[in-house]
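Let's take a walk through this protein model, starting with its strands and ending in its core. Keep the picture in view as you read.

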Amino acid sequence: MPLEFLREIETGTLPRQVTETGDIDLLRLLSAAGMVEADLPDVEGSGTATVRRITGLGRAWLAACRSSAATSAPSSGPLA
């Protein structure tokens, strides 16, 4: 999933080199959605891509997912 890959990118160091075809395809989607800035190879799926940064939109999505996960977690306390 592209958004899971975005989470993985967030935990790493930028700039990040990507050579796996599937990951480059995910970067193409994230870049088209405006969530990352990346240098992508001309030929689809081949070569090396470089993720330069996660955009404000990408960071907002990540924050919203963290917030949503925190508020949807089941309560550990007794039900009244």
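## How the strands pair

β1 and β3 run antiparallel and are joined by three bridges. One spot to look for in this predicted model is Arg 16, which stands opposite Val 51 in β3.

On to the next pair: β2 and β3 are also antiparallel, with four bridges between them. Here Val 36 has Ile 54 of β3 as its bridge partner, while Glu 37 sits opposite Arg 53 in β3. What holds such pairs together? Strands of a sheet pair through backbone hydrogen bonds.

## The whole sheet

Put the pairs together and you get an open sheet of three strands, in the order β1-β3-β2, with antiparallel pairing. β1 (16-18) and β2 are at the edges with a single partner strand each, so one side of each has no neighbour in the sheet. From one strand to the next, the twist averages 30 degrees.

## The nonpolar core

Now for the inside. The largest nonpolar core has 15 residues, and the ones touching the most other members are Phe 5, Leu 6, Ile 9, Val 18, Leu 27, Leu 30 and Val 36. Which elements give two or more residues to this core? They are α1 (2-11), α2 (21-32), β2 (36-39) and β3 (49-54). α2 provides the largest share, four residues.

Ile 9 is a good one to click on. Leaving out residues up to four places away in sequence, Ile 9 touches Leu 14, Arg 16, Leu 27, Leu 30, Val 51 and Ile 54. You've met two of these already: Arg 16 and Val 51 are the residues standing opposite each other in the sheet.

How values were computed. Residues are numbered from 1 along each chain as its sequence is written. This is a predicted model: local features need pLDDT of at least 70, side-chain atom pairs count only at pLDDT 80 or more; totals for chains, interfaces and linings use all residues. Side-chain values use heavy atoms; hydrogens and water are left out. A nonpolar core is a set of buried Ala, Val, Leu, Ile, Met, Phe, Trp, Tyr and Cys residues joined through side-chain atoms within 4.5 Å. Buried means under 20% relative accessible area, exposed over 50%, partly exposed in between (1.4 Å probe, protein chains only). Contact means heavy atoms within 4.5 Å. Two strands pair if DSSP finds at least two bridges between them. Axes are lines fitted to C-alpha atoms, for helices over the stretch in contact, and angles run from 0 to 180 degrees between N-to-C directions.
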